[in-house]
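Here are my notes for anyone opening this one for the first time. Have the structure up on screen and follow along point by point.

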Amino acid sequence: MDNTYYNPADLAKFGNISELQPEMGRKFFDYYGEVFKEGALTEREKALIALAVSHAVQCPYCIDAYTTDCLQKGADENQMMEAVHVAAAIKGGAALVHGVQMMNKIKELSM
């Protein structure tokens, strides 16, 4: 994986997004920091959710970051893979449920 569209080194530059719009960047990072603080969910649970969402939105930077974060917060490989499977099931189900729309359209056109 030496040649990829996504440069893993760019993940470390994420904080630089504030350069062109400092106020909006600050607001985003303040919000982001608050979201991932311990609350009703533990930081580990939030990291697992973020890992699953990272796979659903297919962000390689997020996958790298939250794989690391999950391990640092005590999640194990089985928990992480289970989170990925939850994301896959939801994404697959979301695609399949739209089959109802197709079936409705077939019925409409067949009348």
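**Notes on a predicted model**

1. Let's begin inside, with Leu48: at 12% relative accessibility, this residue counts as buried. Keep in mind that you are looking at a predicted model. To find Leu48, go to helix H2, which covers residues 43-56.

2. What does Leu48 touch, once residues up to four places away in sequence are set aside? The list is Cys70, Ala75, Gln79, Met80 and Ala83. Take Ala75 as an example: 27 residues separate it from Leu48 along the chain, yet the two C-alpha atoms are 7.7 Å apart. One more partner worth a click is Cys70, itself buried with a relative accessible area of 0%.

3. Stay in helix H2 and move along to Ser54. Is Ser54 buried or exposed? Buried, with a relative accessible area of 3%. Leaving out neighbours within four places in sequence, Ser54 is in contact with Cys59, Cys62, Ile63 and Tyr66. Ala65 is another residue to look up from here: eleven residues from Ser54 in sequence, with 9.3 Å between the C-alpha atoms.

4. Now for the cysteines. How many disulfides does a search of the whole structure find? Zero. As a reminder, a disulfide is a covalent bond between the sulfur atoms of two cysteines. Why does Cys70 not form one? The closest cysteine sulfur to that of Cys70 belongs to Cys62 and is 12 Å away, which is too far for a bond, because the cut-off for a disulfide is a sulfur pair within 2.5 Å. The surroundings of these two residues also have different labels: Cys70 is buried at 0%, while Cys62 is partly exposed, with a relative accessible area of 26%.

5. Next, the loop between H2 and helix H3 (60-72), where you will find Gln58. This residue has a positive phi of about 55 degrees, although it is not a glycine. Gln58 counts as exposed, at 57% relative accessibility.

6. Ala12 sits in the segment before helix H1 (22-35). With a relative accessible area of 72%, Ala12 is exposed. Try drawing a line from there to Tyr61: the two are 49 residues apart in sequence, and their C-alpha atoms are 9.4 Å apart in space.

7. On to a helix pair. Two packed helices are described by the angle between their axes and the distance between the axes. For helix H4 (residues 77-97) and helix H5 (residues 99-110), the axes come within 4 Å and cross at roughly 10 degrees. H4 and H5 are therefore roughly parallel to each other. Which residues meet here? From H4 they are Ala95, Leu96 and Val97, and from H5 they are Gly99, Val100 and Gln101. Sorted by class, this contact has four nonpolar residues, two polar ones and no charged ones.

8. Last, the annotation. UniProt, in an unreviewed entry, places the feature "domain: Carboxymuconolactone decarboxylase-like" at residues 22-102. In the model, that span is 81% helix and 0% strand. Its end C-alpha atoms lie 45 Å apart.

Note on methods. Residues numbered from 1 in each chain as written. Predicted model: local features only at pLDDT ≥ 70, side-chain atom pairs only at ≥ 80, totals over all residues. Heavy atoms only, no water. Buried < 20%, exposed > 50% of the residue type's maximum accessible area, 1.4 Å probe, protein only. Axes fitted to C-alpha atoms, helices over the stretch in contact; angles between N-to-C directions. Helix = DSSP H or I, 4+ residues; strand = E, 2+ residues; numbered from the N terminus. Parallel < 35°, antiparallel > 145°, perpendicular 65-115°, else oblique. Contact = heavy atoms within 4.5 Å. Nonpolar A, V, L, I, M, F, W, Y, C, P; charged D, E, K, R; others polar. UniProt positions renumbered as here; feature names shortened; annotations may be inferred.
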